[in-house]
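Got your viewer open? Take a walk through this model with me, one selection at a time.

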There are 2 protein chains.
Amino acid sequence: MPAPVRISLDAMGGDNGANVVVPGAALALERHPEMRFLMAGDEAAVRPLLEAHPRLAAATELRHAEITIGMDEKPSQAVRTGRWKSSMWKAIQAVRDGEADAAVSAGNTGALMAMSKICLKTMAHVERPAIAAIWPTVRGESIVLDVGASIGADAPHLVDMAIMGAAMARIIFDLPQPTVGLLNVGTEEIKGIEIVREANRMLRETPIPGLAYHGFVEGDDLGRGTVDVVVTEGFTGNIALKTAEGTAKQIAAYLRAAMNRTWRARLGYLLARDAFDALRDKMDPRKVNGGVFLGLEGVVVKSHGGTDALGFASAIDMAYDMAQHQLMRTIRDMLGETSADASP
Amino acid sequence: MPAPVRISLDAMGGDNGANVVVPGAALALERHPEMRFLMAGDEAAVRPLLEAHPRLAAATELRHAEITIGMDEKPSQAVRTGRWKSSMWKAIQAVRDGEADAAVSAGNTGALMAMSKICLKTMAHVERPAIAAIWPTVRGESIVLDVGASIGADAPHLVDMAIMGAAMARIIFDLPQPTVGLLNVGTEEIKGIEIVREANRMLRETPIPGLAYHGFVEGDDLGRGTVDVVVTEGFTGNIALKTAEGTAKQIAAYLRAAMNRTWRARLGYLLARDAFDALRDKMDPRKVNGGVFLGLEGVVVKSHGGTDALGFASAIDMAYDMAQHQLMRTIRDMLGETSADASP
């Protein structure tokens, strides 16, 4: 029997801290009863919440942390005050020290990335870490990276991201050879900015085992699910992600308004309620909550700061999958094969 | 009484050429009966279509053009073969020669921009032209630029775009002081890429008359309508636009599937049909069809290549508004005031 997956949690991270983290962990434990947790946080705040979930309490080691990183703290500031002592740092450090297989935090993204880089270090052969998001599509789901860590990434970094995203797709979609596209403003070779064209040349010229390079994709290919993995630099990726979230909210608002306009529409809404619930479920951002930090010497998953217990449980599930299926080894293998191929 | 607005049309542009352009012009003429058209295109193809619309025929001068630019031609290629002789060039040239107040084409965007730059020239004080799109929001509509012309724009160009976008907003939204935001990955001053931060400093330090600078906005502010004008570089703007279009299509597909799942849902759909029609109408991309080229010595409007007569008529409406309300003069005035303010 394999060893149980151990997840370290920043019990204080997110808008609601332990009030979401503890019940979220309890939900995740129901799905994977063999999981073990290490929670870092203010003992006085977390202990009473844990006591309400006896099974979770039995599966959890609580480690006191005197400092909580604020949601608006600058990364540099967070590192100064929170290194060693904060719940966020302690959750990451548990991964570094081999006490946990993955860490999850709903805290401040910039601080989490800064601390993860310092504590875990960037992988050999990887220029900069990236954040990968799950993107719902009409075909199912895709992985999109980077959604905000690598502002101003260059071509070799885009190639790293292609490899890391493919490794993640192999695990969560169980595909031997995921398709990978580069986000651009057109599909012809001459289109776009130079770094994207250069990454395209690199991916065409050196085929990477375990990755089927598709070429350029455009913004509307994201929702279409044209490829399993979409690679883009962090500035554009972040804006694309938030634009899609904003558009979904906008259409939901239009739909609510339309269904309230007349009594016929309201009656129709009542009759079609199950269908609307299914639609809401499909669009529920909590179900795909969890940005995975790729390119670090350890697995760190970022949950949305404003999520609830269900959303936080999804982020834990994501960390569980990554740890269970050995994301780190898959990335190392793929990077290793590529480096070996590239050097004579 | 003011002189009638004269619009020149590339009668051959778009996936369906004159079959869409001619009925589209007929629709636009119904709304603005005093409009006059100059159509450039293959006489043998356009004349018979015109004859089906006697009122339009009476308001139109048809000018033969022996060449039609292909939708997939590279801009350089299009300029080589189509200069002077193509329907696209002739439509633009009519603006340059003062025969028309604005040009509209549903042809290849790259070719249209390349020819417009050569034929009309870029405005003094403007580094590069931009393409402005109308973005539907929960509050109404915003202007987003650039959606694809200025790949790799720098900070002074973003400032130009802020001014040109505000000029356009003053006209189409009839606002004395439109709000303008810079698209970024966060709202704090330290976030994002250097060119965006530099443009932010420039806009903060030198207030521009007729423009209320808001600061940074994020991807989800687009659908929210946080500001009247959103400014971004062309690569990111194009990806944001297509991502939003793709997300809207994706949700429409989910909705269709949900409404077909059960008989209750289908019945509910029938009852709420008017509401769904209103929603479809709200999301109809044809109603906001028309990217406006800003920063040229003349008004050029790009229609979607795949649009129908209704969509093409919207693009003509847009050109009409820009010409009628003197877009060029508004931009020149705003640029002039800014240059005057900047120099002692």
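What follows is a set of stops, from the whole chain down to single residues.

**Stop 1: chain A on its own**

Keep in mind throughout that this is a predicted model. Select chain A and colour it by secondary structure: you should find 14 helices and 11 strands. Along its principal axes, the C-alpha trace spans about 65 × 60 × 45 Å. How does the radius of gyration of chain A sit against that of a compact globule? For 344 residues such a globule would come out near 20 Å, and chain A has 21 Å, so the two agree. Buried residues make up 56% of the 344 in this chain. If you draw contacts with a separation of 6 or more, 72% of those in chain A link residues 24 or more positions apart.

**Stop 2: bring in chain B**

Now show both chains. Rotating chain B by 180°, with 0.0 Å of shift along the axis, superposes it on chain A with an RMSD of 0.1 Å. The two copies are thus related as by a two-fold rotation axis. To find that axis from the chain B side, pick B:Gly268: its C-alpha is the one in chain B nearest the axis, at 1.9 Å.

**Stop 3: where the chains meet**

Select the contact between the chains, which takes 53 residues from chain B and 53 residues from chain A. Which elements of chain B give two or more residues to this contact? They are α9 (219-224), α10 (234-258), α11 (263-271) and α12 (273-282). Highlight α10(B), because this is a good place to begin: α10(B) gives the most to the side of chain B that touches chain A, with 20 residues. Colour that side by residue class and you get 28 nonpolar, 14 polar and 11 charged residues. The copies meet through the same surface, since 100% of the interface residues of chain B are also interface residues in chain A.

**Stop 4: the nonpolar core**

Next, go inside. The largest nonpolar core has 240 residues, and A:Ala319 and B:Ala319 are the ones that touch the most other members. From chain B, this core draws at least three residues from each of domain 1 (1-126 + 295-344) and domain 2 (127-287). Centre the view on B:Ala319 and show its contacts: leaving out residues up to four places away in sequence, B:Ala319 touches B:Ile7, B:Ala102, B:Val104, B:Val299 and B:Val301.

**Stop 5: two residues to compare**

Select B:Thr68, in the loop between β3 (60-64) and α4 (75-82) of chain B. Is B:Thr68 buried or exposed? It has 21 C-beta neighbours inside 10 Å, so B:Thr68 counts as buried. Beyond residues up to four places away in sequence, B:Thr68 touches B:Met12, B:Asp42, B:Ser86 and B:Ser87. Try a distance too: from B:Thr68 to B:Lys85, 17 residues apart in sequence, the C-alpha atoms are 8.7 Å apart.

Then jump to B:Leu310, which sits in helix α13 (residues 309-324) of chain B. With 15 other C-beta atoms within 10 Å, B:Leu310 is partly exposed. Setting aside residues up to four places away in sequence, B:Leu310 touches B:Leu27 and B:Arg286. For a longer line across the view, join the C-alpha atoms of B:Leu310 and B:Ile143: these residues are 167 apart along the chain, and the atoms are separated by 21 Å.

**Stop 6: backbone oddities**

Most residues other than glycine have a negative phi, and most peptide bonds are trans. Here are some exceptions to look up.

- Select A:Leu145 and A:Asp146: the peptide bond between them is cis, with omega near 5°. A:Asp146 lies in the loop between β6 (141-145) and α7 (155-172) of chain A.
- Go to B:Leu145 and B:Asp146, which are joined by a cis peptide bond with omega of about 5°. Here B:Asp146 is in the loop between β6 (141-145) and α7 (155-172) of chain B.
- Pick A:Asp174, which is not a glycine but has a positive phi of about 55°. Its place is the loop between α7 and β7 (179-183) of chain A, and with 9 C-beta neighbours inside 10 Å, A:Asp174 counts as exposed.
- Finish on B:Asp174, again not a glycine, with a positive phi of about 55°. B:Asp174 is in the loop between α7 and β7 (179-183) of chain B, and it is exposed, with 9 other C-beta atoms within 10 Å.

Technical notes: Residues are numbered from 1 along each chain as its sequence is written. Chains are lettered from A and ligands numbered from 1 in the order in which they are written. This is a predicted model: local features need pLDDT of at least 70, side-chain atom pairs count only at pLDDT 80 or more; totals for chains, interfaces and linings use all residues. Copies are superposed by least squares on the C-alpha atoms of residues with pLDDT of at least 70 in both. Two residues are in contact if their C-beta atoms, placed from the backbone, lie within 7 Å. A nonpolar core is a set of buried Ala, Val, Leu, Ile, Met, Phe, Trp, Tyr and Cys residues joined through C-beta atoms within 7 Å. A residue is buried if 20 or more other C-beta atoms lie within 10 Å of its own, exposed if 12 or fewer, and partly exposed in between; C-beta atoms are placed from the backbone. Domain bounds come from an automatic or database domain assignment. Helices (H or I, at least four residues) and strands (E, at least two) are DSSP runs, numbered from the N terminus. Ala, Val, Leu, Ile, Met, Phe, Trp, Tyr, Cys and Pro count as nonpolar, Asp, Glu, Lys and Arg as charged, and the others, Gly among them, as polar. The radius of gyration is taken over C-alpha atoms; the globule rule is 2.2 Å times the number of residues to the power 0.38.
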